[in-house]
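Q: Could you take me on a close look at the metal site in this model? I would like to see how the site is built and how the chain around it is arranged.

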Amino acid sequence: MKKLHELGVVIEVVKTVENVAVENDLSKIEKLVLQIGELSSMIPKYIEACYPAAVDNTILEDTKLEIEVIPGNAMCKSCNKVFNIKENNGTCPHCDSKAWELLSGKEFVIKEIVAY
Ligand SMILES: [Zn+2]
C-alpha cells in the first residue's frame with residue numbers, strides 16, 4: 001500500500017508542474033528536480049517507480065526526473081554540533097545527548113523545473 005501513497009503525491013506534483021508550464025507557455029519540460037528529505041515519508045525509489053505512470057499522457061511524458069536527497073541533520077542542544085540523525089540513531093555521536101533540534105530532512109520540494 002505504501003506505493004499508492006507515493007503515486008498520489010507524484011500525480012499532485014505532475015499537476016503542479018503542468019500548471020507552471022501552462023502559466024509560462026512551456027510546451028516541453030526537460031527536467032524536473034525534486035528534493036526529498038531523508039526523514040520524509042517519501043521514498044525516492046518509490047517516487048521513481050511511480051513516475052512513469054504519473055506522467056503518462058501529460059506534457060511531462062518525456063521529462064527526466066531527478067531526485068536530490070536531503071540528509072536528516074540535527075544540531076545537538078548540549079554540544080551544538082551537527083550530526084546525521086539516521087546514521088546515529090537519534091543520539092549525538094559527540095556527547096551522547098538525545099536533545100537536539102532538527103535542521104533538515106523532512107523536505108518534499110519541487111526544486112527546479114528545467115524547460116528548453
Ligand atoms: Zn552533542
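A: Happy to! Let's begin with the geometry at the metal, keeping in mind that this is a predicted model. The four donor atoms around the zinc ion subtend angles of 104 to 115°, and the arrangement is therefore tetrahedral. For that label, all angles must lie between 85 and 135 degrees.

The donors themselves are sulfur atoms from the protein: the SG atoms of Cys76, Cys79, Cys92 and Cys95, lying 2.3 Å from the zinc ion. Along the sequence, these donor residues follow the spacing C-x2-C-x12-C-x2-C. Distant parts of the chain are linked by the pair Cys76 and Cys95, which sit 19 residues apart. Cys76 belongs to strand E3 (residues 73–76), while Cys95 lies in the loop between strand E4 (82–84) and strand E5 (100–104).

These two cysteines also make a nice contrast in accessibility. Cys76 counts as buried because its relative accessibility is 1%, and the cut-off for buried is under 20%. Cys95, with a relative accessible area of 35%, is partly exposed.

Now let's follow the strand that carries Cys76. E3 takes part in an open sheet of three strands, ordered E4-E3-E5, with antiparallel pairing. E4 and E5 are the edge strands, each pairing on one side only. From one strand to the next, the twist averages 35°. Looking closer at E3 and E4, you will find that they run antiparallel and are joined by three bridges. Within this part of the sheet, Met75 stands opposite Val82 in E4.

Stepping back, here is the setting for the site. The protein chain contains two helices and six strands, and its elements run α-β-α-β-β-β-β-β from the N terminus on. Its radius of gyration is 18 Å, whereas a compact globule of 116 residues would have one near 13 Å. Taken along the principal axes, the C-alpha atoms fill a box of roughly 55 × 30 × 15 Å. Of the 116 residues in the protein chain, 34% are buried, and Cys76 is counted as buried too. As for contacts between residues at least 6 apart in sequence, 69% join residues at least 24 apart.

To put the picture back together: the zinc ion has its tetrahedral set of donors, with Cys76 supplied by strand E3 and Cys95 by the loop between E4 and E5.

Terms used
Residues are numbered from 1 along each chain as its sequence is written. This is a predicted model: local features need pLDDT of at least 70, side-chain atom pairs count only at pLDDT 80 or more; totals for chains, interfaces and linings use all residues. Side-chain values use heavy atoms; hydrogens and water are left out. Donors are N, O and S atoms within 2.8 Å of the metal (3.2 Å for Na, K and Ca); water is not among the atoms, so sites may look incomplete. Four donors count as tetrahedral if all angles lie between 85 and 135 degrees; four count as square planar and six as octahedral if opposite donors are over 155 degrees apart and all others between 65 and 115; anything else is irregular. Helices (H or I, at least four residues) and strands (E, at least two) are DSSP runs, numbered from the N terminus. Buried means under 20% relative accessible area, exposed over 50%, partly exposed in between (1.4 Å probe, protein chains only). Two strands pair if DSSP finds at least two bridges between them. Axes are lines fitted to C-alpha atoms, for helices over the stretch in contact, and angles run from 0 to 180 degrees between N-to-C directions. The radius of gyration is taken over C-alpha atoms; the globule rule is 2.2 Å times the number of residues to the power 0.38. Contact means heavy atoms within 4.5 Å.
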